[in-house]
Amino acid sequence: MHVPDGFIDAPTSLAAGAVAVVGIGLCLRGAHRELDERSAPLAGLVAAFVFAAQMLNFPVASGTSGHLLGGVLAAILIGPWSGALAVTTVLLVQALLFADGGLTALGVNVINMAFVTILVGYPIFRTIVRVLPRRSVAPIAAAVAALVSVPVASFSFVLLFAIGGTTDLSLGAVTTAVVSVHVLIGIGEAVITGLTVASVMAVRPDLVFGARGLLAPVKLRLHSPPTTADAR
Amino acid sequence: MKAPRSRRDIVVLLGFLVAALVLAGVVSYYASSSPDGLNKVAIDKRFAGAEEPHDLENSPLAGYSTSDVDNERLSGGLAGVAGVGATLVLAGGLAMLVRRRSSPDETDHGASPVA
């Protein structure tokens, strides 16, 4: 979903860049609350994993591919603010080292892939696990949130294209085409996100930021090792 | 201490590291080379032509291939591993900088996330 230079005009790109900078500032403050000495190393590795997964384009329809965006995955594993920072770091590395995603489009890409995915997906995940607070629900909730996050992020591109697109097009047709293909890509996002969250939860459930609140009370009553009592 | 890192934490951290290196270094060779969803729509709806050349298109790792490495598998794999390393250092370093510290006298953790 990386927007190259030239799709969105300069004023809109500049405004998107300003929004991204303000958002990153907020994320830095939020990440300070989310990350401690135990989860900070995980944050770096989750970002590295998202970078790697984004290289793996999977086929979704004839002649079309998609790849993980990773916003919902990162948000669930390390927290929404830290997750947005992690995906932003991935986008920076891609644009600066790999010429993937335009430099002037960085703000647009950060908004769509790092911010919108998490703003939409993380509340969906939290709502589901709040209604069904069981450990086994978390990977399914993660998959559902991931599934929704991708088409909504693609719709965010369409909105920016409507504001500052350099090509005059019927927005209805572009919306239909962009969102429908990203529903398919969202299925891949859901599978990868669900499996990854399930894998981490199988080994170290209290390391999963988004699932911590679910487990702590039960764990305390069962007198499990003191490490879990610290995870808030 | 507030949060001693258990052995099983290390399993998760190592798991992500190994997965990232294998996916970016080896599996990426088998990724689909079809245009992604947005590019495909741009082609179909005829706005792909609006794309401008990337300012860094001649950089050594542009397009996820390592310049001067002819073997396609090696060229892409090296680029992927370099990207994993760069992302890990940047994101991990940032996380270590912004994380909260439980006690001021704790200085035994270095700036690098993983050895």
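Among contacts in chain A between residues at least 6 apart in sequence, what percentage join residues at least 24 apart? The share is 75%. Keep that in mind while you click around, and remember that you are looking at a predicted model.

**Stop 1: chain A as a whole**

Hide chain B for a moment and colour chain A by secondary structure. You should get nine helices and two strands. Walking from the N terminus, the order is α-α-β-β-α-α-α-α-α-α-α, with the two strands coming after the second helix. Turn the C-alpha trace along its principal axes and it spans about 65 × 35 × 30 Å. The radius of gyration is 18 Å, which agrees with the value near 17 Å for a compact globule of 232 residues. Colour by burial next: 60% of the 232 residues count as buried.

**Stop 2: the α5/α6 pair**

Still in chain A, select residues 106–131 (helix α5) and 137–164 (helix α6). Their axes come within 7 Å and cross at roughly 145°. View the pair along the line joining the axes and check the hand: the crossing is right-handed. Now show the side chains where α5(A) and α6(A) meet. What classes do the residues of this contact divide into? There are 22 nonpolar and five polar residues, and no charged ones.

**Stop 3: the hairpin**

Move to β1 (58–61) and β2 (64–66) of chain A. These strands run antiparallel, and three bridges join them. Together β1(A) and β2(A) make a hairpin with two residues between them. Pick A:G63 in that turn: its phi is positive, about 70°.

Then select A:P59, which sits in strand β1 of chain A. Across from A:P59 you'll find A:S65 in β2(A). A:S65 is also among the residues that A:P59 touches once you skip those up to four places away in sequence. The other two are B:S32 and B:S34, so bring chain B back to see them. Is A:P59 buried or exposed? Neither quite: A:P59 is partly exposed, because 15 other C-beta atoms lie within 10 Å, and buried would take 20 or more. For a link across the sequence, draw a distance from the C-alpha of A:P59 to that of A:L184. The two residues are 125 apart along the chain, and their C-alpha atoms are separated by 9.7 Å.

**Stop 4: the contact between the chains**

With both chains on screen, select the contact. It takes 67 residues from chain A and 61 residues from chain B. On the chain A side, several elements each supply at least two residues, including α1 (10–34), α4 (80–97) and α7 (171–203), along with both strands of the hairpin. Which element gives the largest share of this side? That is α2(A), with 13 residues. Colour the chain A side by class and you get 44 nonpolar, 16 polar and seven charged residues.

**Stop 5: A:V174**

Zoom in on A:V174 in helix α7 of chain A. A:V174 counts as buried, because it has 21 C-beta neighbours inside 10 Å. Leaving aside residues up to four places away in sequence, A:V174 touches A:V158, A:F161 and A:L169 in its own chain, plus B:V41 and B:K45 across the way. A:F161 is 13 residues away along the chain, and the C-alpha atoms of A:V174 and A:F161 are separated by 9.4 Å.

**Stop 6: chain B and its loop**

Now isolate chain B. It has three helices and zero strands, in the order α-α-α. Of its 115 residues, 32% count as buried. Among contacts in chain B between residues at least 6 apart in sequence, 47% join residues at least 24 apart.

Finish in the loop between α2 (37–44) and α3 (72–98) of chain B. Most residues other than glycine have a negative phi, so two spots here deserve a click. B:R46 has a positive phi of about 60° although it is not a glycine. Further along the loop, B:Y64 has a positive phi near 60°, and B:Y64 is not a glycine either.

How do the surroundings of these two look? B:R46 is exposed, because 10 other C-beta atoms lie within 10 Å. B:Y64 is buried, with 22 other C-beta atoms within 10 Å.

Methods. Residues are numbered from 1 along each chain as its sequence is written. Chains are lettered from A and ligands numbered from 1 in the order in which they are written. This is a predicted model: local features need pLDDT of at least 70, side-chain atom pairs count only at pLDDT 80 or more; totals for chains, interfaces and linings use all residues. Two residues are in contact if their C-beta atoms, placed from the backbone, lie within 7 Å. Helices (H or I, at least four residues) and strands (E, at least two) are DSSP runs, numbered from the N terminus. Ala, Val, Leu, Ile, Met, Phe, Trp, Tyr, Cys and Pro count as nonpolar, Asp, Glu, Lys and Arg as charged, and the others, Gly among them, as polar. The radius of gyration is taken over C-alpha atoms; the globule rule is 2.2 Å times the number of residues to the power 0.38. A residue is buried if 20 or more other C-beta atoms lie within 10 Å of its own, exposed if 12 or fewer, and partly exposed in between; C-beta atoms are placed from the backbone. Two strands pair if DSSP finds at least two bridges between them. Axes are lines fitted to C-alpha atoms, for helices over the stretch in contact, and angles run from 0 to 180 degrees between N-to-C directions. A crossing is left-handed if the near helix is turned anticlockwise from the far one by less than a right angle, and right-handed if clockwise.
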